[in-house]
Amino acid sequence: MPNYVDLHMHTTASDGLYSPTELMHRVKEAGLRAVALTDHDTTNGIEEAAQTARALDVEFIPGIEINTDVSGGEVHVLGYFIEYQRPAFQSTIKALRDARERRGERMVELLNEEGIAIRWERVREIAQGSVGRPHIAQALMEAGYVQSVSEAFDKYIGNGKPAYVPRYKLTPGDAVRLIGSANGLPVIAHPISLPGLEILRTWLPDLKAAGLVGLETYYGQYTQKDEQALLAIAHQYDLIATGGTDFHGPGLHPTPLGGRYVPYKAVEQLKAVEAKRRGTMPPPFTLPTPVAEK
Ligand code: AMP
Ligand code: ZN
Ligand code: FE
Ligand code: FE
């Protein structure tokens, strides 16, 4: 079966390698019919990507990915069909990006204390938009401290490693509500790799109550067994089984753009929920006051 759908990808607006226009051209070359852009904490790539997608006759869904830290891991929440122009939503994700800057600076400080001479200014230059650990990894590579991005995560900046600093303390439930406050459809990303099924199960009842609508089931290199496990959970909680590659650019994640079969039914199901929400007043959401950082 041809791969028509890919609902998880990043551009230079966050930590992808391609600009929104370039990415949509790659999407077209890959023969995709429907895609969603899901940059971290930013919608700045959406306008340009949507315009290019329209010109190339590709169905385009505006999206976002919000990463949260929980004890023992991370939960990433995707949001589809977000009404991203909403001012309250924009100011909240701006606050999340600002927190990313402070966190990035602190990670560089910790690296410096370990005797690793990389500069925050350089990390900032590498990141064209929303800054993330992949940009720090690139700075570490450039300076010759590691040979690859994954080595940077394994040695320094992965969860629990010496220069790791958690993100702004947003709970997965808050990420779901934040997306809901822009009439978006919240979906848990790559549940098996992060946070793992065990942690996922503890969060699901809460997240469902907060407005979760889907579970990323057809993801990257997930096996048939993974897929079956996720389909069973999606069925149990009445969640839409979505999917995508998490494409960031060649060589960054193992799955190429469109390299995972995702049924078009996922798009139809998302659209059916979206159609019911469009034009309705979403529930408001306010970021909790940040916990004092040490
Ligand atoms: P951040 O949101 O700044 O914490 O960065 C998270 C991003 O880092 C993810 O979206 C992945 O693209 C990337 N990432 C996380 N873990 C690894 C890893 N072990 N190797 C390579 N990239 C990773
Ligand atoms: Zn990323
Ligand atoms: Fe993710
Ligand atoms: Fe992602």
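## The main pocket

H5 gives the most to the lining of the largest pocket, with 4 residues. Bear in mind that everything here comes from a predicted model. The pocket itself holds about 940 Å³ of space, and its lining runs to 39 residues. If you want to find its centre on screen, look for Pro134, Phe153, His248, Leu252 and His253, which are the lining residues nearest to that point.

Which elements supply at least two residues each to the lining of the largest pocket? There are strands S3 (59-70) and S4 (73-80), plus the helices H3 (87-113), H5 (133-142) and H6 (149-157). As for chemistry, the lining of this pocket splits into 22 polar, 9 nonpolar and 8 charged residues.

## Closed cavities

Now for the space that a probe can't leave. Rolling a probe the size of a water molecule over the atoms shows where empty space is left. In this model the count comes to 3 cavities of 30 Å³ or more. The largest cavity has a volume of about 70 Å³.

What lines the largest cavity? Its walls are made by Asp41, Ile66, Asn67, Leu96, Ala99, Arg100, Arg167, Tyr168 and Leu170. S3 and H3 are the elements that give two or more residues to this lining, and H3 gives the most, with 3 residues. Sorted by class, the lining of the largest cavity has 5 nonpolar, 3 charged and 1 polar residues. S3 and H3 also turn up in the pocket story, as each supplies at least two residues of the lining of the largest pocket.

## H3 against H5

Two packed helices are described by the angle between their axes and the distance between the axes. For H3 and H5, the angle is about 30° and the axes are 10 Å apart. H3 passes H5 in a right-handed crossing.

Which residues make this contact? From H3 come Arg103, Gly104, Met107 and Leu111, and they meet Arg133, Ile136 and Leu140 of H5. By class, the contact of H3 with H5 counts 4 nonpolar, 2 charged and 1 polar residues.

## H7 against H8

Further along the chain, helix H7 (residues 172-180) packs on helix H8 (residues 197-210), with an angle of about 20° and 9 Å between the axes. That angle makes H7 roughly parallel to H8, because anything under 35 degrees counts as roughly parallel. The crossing of H7 past H8 is right-handed.

On the H7 side, Pro172, Gly173, Val176 and Arg177 make the contact, while H8 brings Trp203, Leu207 and Ala210. The class tally for the contact of H7 with H8 is 5 nonpolar, 1 polar and 1 charged residues.

## Two backbone details in loops

Most residues other than glycine have a negative phi, and most peptide bonds are trans. Two spots in this model are worth a look with that in mind.

How is the peptide bond from leucine 194 to proline 195 arranged, cis or trans? It is cis, with omega near 0°. Proline 195 sits in the loop between strand S5 (185-188) and H8. The other spot is aspartate 57, where phi is near 60°, a positive value in a residue other than glycine. You'll find aspartate 57 in the loop between helix H2 (46-55) and S3.

How values were computed
Residues numbered from 1 in each chain as written. Chains lettered and ligands numbered in written order. Predicted model: local features only at pLDDT ≥ 70, side-chain atom pairs only at ≥ 80, totals over all residues. Heavy atoms only, no water. Axes fitted to C-alpha atoms, helices over the stretch in contact; angles between N-to-C directions. Parallel < 35°, antiparallel > 145°, perpendicular 65-115°, else oblique. Left-handed = near helix turned anticlockwise from the far one by under 90°. Contact = heavy atoms within 4.5 Å. Nonpolar A, V, L, I, M, F, W, Y, C, P; charged D, E, K, R; others polar. 1 Å grid on protein atoms, 1.4 Å probe; cavity = no way out; pocket = protein on both sides within 12 Å on 5 of 7 lines; lining within 4 Å. Points joined across faces, edges and corners; volume = space filled by probe spheres on them.
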